[in-house]
Amino acid sequence: INLFKFIKKTKDGNYFDFEKFREVIILSTRFLDNVIDVNQYPIHEIAEMSRGNRKIGLGVMGFADALFSLGVPYNSEEGLAFGKKIMKFLTDESHSASIQLAAERGVFPNWEGSTWQKKGIKIRNACTTTVAPTGTISIIANCSGGIEPVFNLAYQRTILNNQKMIEINDVFKAELESIGLYCQELMEEIFEKGSLQDIKGISPELKR
């Protein structure tokens, strides 16, 4: 789930839309549970294990971009608190959606004797979440990968036939354009240094 997509902009500032996030978590949990049944597994043993435990791996990407948009530094107590809130919400809501699925479709086959059975919780999926790097997926979605920070604001990507592409973080670029700082010279300096921290003429607020 791309967290950046849940940032809502208002005249009073940006905020994270948790209600929309909940809707997508419920939909995604159901989708991933369906995938277990339609998937074609390479060998019988893997199919048996996957369908026996019905583990799904619902995770996030775009975390750093979401923080950028909220004006929150990645390496701050506020950033850590936001991360905890996001992941607790994801875990709680995906468990709730899986419990609803169990009421409709039944618990996972290996439920008896599991931790969930001992807790008295009827749930469809033994596990619901994961933290994945989302390398290729985040490139396709044009957002920051997984829960990682943005390591370079501008960088060069080598693609097919050794073609070179300079890519600039979209949230960063939009911020520069909004305050009238975007220019080719600055982009080249950022590409060279990877960060704003040692560039003159940039406000401490933007660097933060």
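Modeller: One term before you ask: contact means heavy atoms within 4.5 Å. Also, this is a predicted model.

Colleague: Fine. Leaving aside neighbours within four places in sequence, which residues is Thr134 in contact with?

Modeller: Thr134 sits in the loop between α5 (115–119) and α6. Once its neighbours within four places in sequence are set aside, the residues in contact with Thr134 are Val60, Met61, Gly145 and Gly146.

Colleague: Is Thr134 buried or exposed?

Modeller: Anything under 20% relative accessible area counts as buried. Thr134 has a relative accessible area of 15%, so it falls under that cut-off and is buried.

Colleague: Which backbone nitrogen does the side chain of Thr134 reach?

Modeller: Gly145 and Gly146 are both on the contact list of Thr134. The side chain gets to within 2.8 Å of a backbone nitrogen, and that nitrogen belongs to Gly146.

Colleague: On to Arg124. Where is Arg124 found, and is Arg124 buried or exposed?

Modeller: Arg124 is in the loop between α5 and α6. Its relative accessibility is 10%, and buried means under 20%. Therefore Arg124 counts as buried.

Colleague: Which side chain does a polar contact join to that of Arg124?

Modeller: Leaving aside neighbours within four places in sequence, Arg124 is in contact with residues including Asp33, Asp37, Arg54 and Phe108. The side chain of Arg124 also reaches the backbone oxygen of Gly106 at 3.1 Å. The side-chain to side-chain polar contact, at 3.2 Å, is with Asp33.

Colleague: What about open space? What is the volume of the largest pocket, and which residues are closest to its centre?

Modeller: The largest pocket holds about 890 Å³ of space. Its lining has 31 residues, and the closest to the centre are Phe68, Phe172, Leu206, Lys207 and Arg208.

Colleague: Which element gives the largest share of the lining of the largest pocket?

Modeller: About 890 Å³ lies in the largest pocket. Three elements give two or more residues to its lining: α3 (63–70), α7 (170–178) and α9 (204–207). With six residues, the largest share comes from α7.

Colleague: How do the residues of that lining divide into nonpolar, polar and charged?

Modeller: There are 31 lining residues to sort in the largest pocket, whose volume is about 890 Å³. By class, they come out as 16 nonpolar, nine polar and six charged.

Colleague: And the second largest pocket: which residues are closest to its centre?

Modeller: The second largest pocket has a volume of about 530 Å³. Of the 25 residues in its lining, the closest to the centre are Cys143, Ser144, Gly145, Tyr155 and Asn169.

Colleague: Which element gives the largest share of the lining there, in the second largest pocket?

Modeller: The second largest pocket fills about 530 Å³. Two or more lining residues come from each of α6 (135–141), β3 (154–158), β4 (164–168) and α7. The largest share, four residues, comes from α6.

Colleague: Now the backbone. What is phi of Asn142?

Modeller: Asn142 is in the loop between α6 and β3. At 47% relative accessibility, it counts as partly exposed. Most residues other than glycine have a negative phi. Asn142 isn't a glycine, yet its phi is positive, near 60°.

Colleague: Is Asn162 buried or exposed?

Modeller: Asn162 lies in the loop between β3 and β4, and it has a positive phi of about 60° without being a glycine. With a relative accessible area of 61%, over the 50% cut-off, Asn162 is exposed.

Colleague: How many residues lie between β3 and β4 in their hairpin?

Modeller: β3 and β4 pair in the antiparallel sense over five bridges, with Arg157 standing opposite Met165 in β4. Asn161, in the turn, has a positive phi of about 55°. The hairpin has, between its two strands, five residues.

Colleague: And β1 with β2: what is the bridge partner of Ile7 in β2?

Modeller: Strands β1 (residues 7–10) and β2 (residues 13–16) are antiparallel and pair over four bridges. They form a hairpin with two residues between them. The partner of Ile7 in β2 is Phe16.

Colleague: Last one. How far apart in space are Pro149 and Asn75, C-alpha to C-alpha?

Modeller: Pro149 is in the loop between α6 and β3. Setting aside neighbours within four places in sequence, it is in contact with Ala64 and Tyr74. Pro149 and Asn75 are 74 residues apart in sequence, but their C-alpha to C-alpha distance is 8.8 Å.

Note on methods
Residues numbered from 1 in each chain as written. Predicted model: local features only at pLDDT ≥ 70, side-chain atom pairs only at ≥ 80, totals over all residues. Heavy atoms only, no water. 1 Å grid on protein atoms, 1.4 Å probe; cavity = no way out; pocket = protein on both sides within 12 Å on 5 of 7 lines; lining within 4 Å. Points joined across faces, edges and corners; volume = space filled by probe spheres on them. Nonpolar A, V, L, I, M, F, W, Y, C, P; charged D, E, K, R; others polar. Buried < 20%, exposed > 50% of the residue type's maximum accessible area, 1.4 Å probe, protein only. Polar contact = N/O pair within 3.5 Å; in protein donor to acceptor, adjacent residues only side chain to side chain. Pairing = 2+ DSSP bridges.
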